Amino acid sequence: MADADLDLLQTALKHHWSWVPSKKAKGYVNAFFAAQRRGTTITAKVVGNHGTYTVSIQVEPQGVRSACSCYIGKHGHCHHCEALALTFLAAPSAFKAVKTKQAKDVHQLTDIRAYLDGVTLDALLTQLKTKGMTQKAFAEQIGMNTRHLAAIKASELHHHYFNELGATKLACLWVLEHLGKAKGKA
Ligand SMILES: [Zn+2]
């Protein structure tokens, strides 16, 4: 299972990026730390010109999605994303395979972080939507401005994190658990 994810990542990345790094990317290849792989998503940090950036590449059925927290990296077109791809292709095993924690794996307070890290707010809001609950309706019920919720969601995808991110995810998970099932079965 894990190997299938690894193969998928390698094939997609080879297809998406050139083997020869651009001039700007070159200095960042193999300069990453805290490198992790979760399924078909890789994440790592790198020290850039204006601080430490979080860089990620995700292979989805729709294609490759990359993002970086640097000021030009919002849509994943920066040299840090390119460098991350090349770093991964050179040594995939240097990326620590992390298993996503499921709700049933959460037994104590210190498990929550790993649980929340395994899912994006975007994915949770999509799940709510499939249960017939819109982002707007959810925001209203937890007393949050709809635009603020949208900003928290978008920021996470670009590796900028609002303080409310974890709490908002927990609220989504609560709603999904308590109201999602009834609606799904009906
Ligand atoms: Zn970048």
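Okay, before anything else, a bit of vocabulary: Ala, Val, Leu, Ile, Met, Phe, Trp, Tyr, Cys and Pro count as nonpolar, Asp, Glu, Lys and Arg as charged, and the others, Gly among them, as polar. Keep that in your head for a minute.

So, what you see up there is a predicted model. The mean pLDDT of the protein chain is 91, with 96% of its residues at 70 or more. Confidence is highest in helix H6, residues 135-141, at 97. It's lowest in helix H8, residues 165-185, where the mean is 85.

Now, the largest pocket. It holds about 1500 Å³ of space. There are 48 residues lining this pocket, and the ones closest to its centre are Arg38, Asp117, Gly118, Thr120 and Glu156. Which elements give two or more residues to that lining? We've got strands E1, E2, E3 and E4, plus helices H4, H5, H7 and H8. H4 makes the largest contribution, six residues.

Here's where the vocabulary pays off: the lining divides into 17 nonpolar, 18 polar and 13 charged residues.

Last topic, cysteines. How many disulfides does the structure hold? Zero. Take Cys81, which is in no disulfide: its nearest cysteine sulfur belongs to Cys78 and sits 3.9 Å away. A disulfide needs the two sulfurs within 2.5 Å, so that pair doesn't qualify.

And is Cys81 buried or exposed? Buried, because its relative accessible area is 0% and the cut-off is under 20%. Cys70 counts as buried too, at 5% relative accessibility.

That's me done, thanks!

Definitions and conventions. Residues are numbered from 1 along each chain as its sequence is written. This is a predicted model: local features need pLDDT of at least 70, side-chain atom pairs count only at pLDDT 80 or more; totals for chains, interfaces and linings use all residues. Side-chain values use heavy atoms; hydrogens and water are left out. pLDDT is the predictor's confidence in each residue, from 0 to 100. Helices (H or I, at least four residues) and strands (E, at least two) are DSSP runs, numbered from the N terminus. Buried means under 20% relative accessible area, exposed over 50%, partly exposed in between (1.4 Å probe, protein chains only). On a 1 Å grid over the protein atoms alone, a cavity is a set of points where a 1.4 Å probe fits but cannot get out, and a pocket is an open set with protein on both sides within 12 Å along at least five of seven lines; lining residues have an atom within 4 Å of a point. Grid points are joined across faces, edges and corners, and a volume is the space filled by probe spheres set on the points.
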